Amino acid sequence: TTCEMPFLLKYLNTGRVPMYSYTFCKFWISFSYSLNTAILFLNSHLSVERYLLIFHQGFLNSHKILVHYVPMIVLTLTSFIYSPALVIFAPCNEAFDDAAPVCGGSCYQLLPGIGTFDLVFTIFIPLSFIISFNCILVIRVMKQKRRMLQKSIWKKNLGMLIQLLLISMLHVTGWMPVVIVILIVMTNNNPPIIVVELQASWVLLNIVYIAVITNPLVCMFAIPEIKEKMFSFLNSIHIRQQQISPIINTQTHKSSIKKN
């Protein structure tokens, strides 16, 4: 999602869609929707795969191409084919707004059939997978804690569980306000004005960016290998500064003696 953030930053700076045109709006909407869909799809796959990694590692290792790489490729391609296809071939008349983020979105979202299917397919189903598999994973890990302690794999599995939960919580937290507002609008003939305004505002839309921006930080502290390399890098910088400091002090002292 950060790939299309320059467009959003330009919009927030000027209050207008940059390079506003019918073609650019189609591109921006397609690109933004594809990225958001891919993120949710891949995170739902991550939840399933992490479950297999903890409880069925042998099966995952013996079918790594089929279970790991194929779903990732298929889900990514699906995202970048499905979303642009809907936007480009939308069976409705687009009315883009140069004062709204992402040009106000595509008109197909307002169609009862296609719009509802799109919400269920691209948001509700992936979030349901993420929440369900995380809950199942937590319950199974806690139930089998004693057996894992006996086999000395508790610490490793706990680390993977925390990593998955943090990443998943970020995305669920980012998308849940959007889902709640959409459900209120869909299930009410006359939704509250504040809900309608919130749905149209850029604030609600860009809560999703919180998960995207903070995701690298979560990975950095949740994955032991990255955390160790980061602390090692910071420690090497500190040691280098300590080595350089005495040299600078010595040179300063010598120059002061010569002046005297």
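## A first look from Asn36

Is Asn36 buried or exposed? Asn36 counts as buried, because its relative accessibility is 14%, and the cut-off for buried is under 20%. Please keep in mind while reading that this is a predicted model.

Asn36 has its place in helix H2. If you look across from there, you can find Ser83: the two residues are 47 apart in sequence, and their C-alpha atoms are 9.7 Å apart in space.

## What the record says about the chain

The UniProt entry, which is unreviewed, carries the annotation "transmembrane region" for residues 20–44, 65–90, 119–139, 160–187 and 199–223. Two of these spans can be compared with the model here.

Residues 20–44 are 92% helix and 0% strand, and the C-alpha atoms at the two ends lie 34 Å apart. For residues 119–139 the helix share is 100%, again with 0% strand, and the end C-alpha atoms are 29 Å apart.

## Helix H5 and its kink

Helix H5 runs over residues 112–143. How far apart should its ends be? With 32 residues at 1.5 Å a residue, H5 should span 46 Å, and the 44 Å between its end C-alpha atoms agrees with that. The helix also has a kink of about 35 degrees, centred on Val120.

Many side chains are worth a look along this helix. The buried residues of H5 include Gly115, Asp118, Leu119 and Thr122. Further along, Pro126, Leu127, Ile130, Asn134, Leu137 and Val141 are also among them. Cys135, by contrast, is partly exposed, with a relative accessible area of 43%.

## Rings that meet

Searching the whole structure gives 12 aromatic pairs. One of them is formed by Phe41 and Phe121, whose ring centres are 5.4 Å apart with 75 degrees between the planes, an edge-to-face arrangement. This pair links distant parts of the chain, since Phe41 belongs to helix H2 (residues 22–55) and Phe121 to helix H5, 80 residues apart. Phe41 counts as buried at 6% relative accessibility, while Phe121 is partly exposed at 25%.

Phe121 has another ring partner, Tyr82: the centres are 5.1 Å apart and the planes stand at 70 degrees, so this pair is edge-to-face too. Here the link runs between helix H4, which holds Tyr82, and helix H5, which holds Phe121, with the two positions 39 residues apart. Tyr82 is buried, with a relative accessible area of 16%. Elsewhere, ring pairs join Phe7, Phe24, Phe27, Trp28 and Phe31 into a cluster.

## Two disulfides

How many disulfides does the model contain? The count comes to two. Numbering the bonded cysteines along the chain, the pattern is 1-3, 2-4.

One disulfide joins Cys25 to Cys103, with 2.2 Å from sulfur to sulfur. The torsion about its S-S bond is about -75 degrees, so the link between Cys25 and Cys103 is left-handed. It ties together distant parts of the chain: Cys25 is in helix H2 and Cys103 in the loop between H4 and H5, 78 residues apart. Cys25 is buried, with a relative accessible area of 0%, and Cys103 is buried with a value of 0%.

The other disulfide is formed by Cys92 and Cys107, whose sulfur atoms are 1.8 Å apart. This link is right-handed, with 80 degrees about the S-S bond. Cys92 and Cys107 both lie in the loop between H4 and H5, 15 residues apart. Cys92 is partly exposed, with a relative accessible area of 22%, whereas Cys107 counts as buried at 12% relative accessibility.

## Ser106 in the loop

To finish, let us visit Ser106. This residue lies in the loop between helix H4 (64–88) and helix H5 (112–143). Is Ser106 buried or exposed? Ser106 counts as buried, because its relative accessibility is 4%.

Which residues does Ser106 touch, leaving aside those up to four places away in sequence? Its contacts are Ile29, Tyr33, Val87, Ala90 and Glu94.

Note on methods
Residues are numbered from 1 along each chain as its sequence is written. Side-chain values use heavy atoms; hydrogens and water are left out. Helices (H or I, at least four residues) and strands (E, at least two) are DSSP runs, numbered from the N terminus. Buried means under 20% relative accessible area, exposed over 50%, partly exposed in between (1.4 Å probe, protein chains only). Contact means heavy atoms within 4.5 Å. Rings of Phe, Tyr and Trp (its six-membered ring) pair if their centres lie within 6.5 Å; planes under 30 degrees apart count as stacked, over 60 as edge-to-face and the rest as tilted. The expected span of a helix is 1.5 Å times one less than its number of residues. The bend at a residue is the angle between axes fitted to the seven residues ending there and the seven starting there. UniProt positions are given in the numbering used here, feature names are shortened, and annotations may be inferred rather than shown by experiment. A disulfide is a pair of cysteine sulfur atoms within 2.5 Å.
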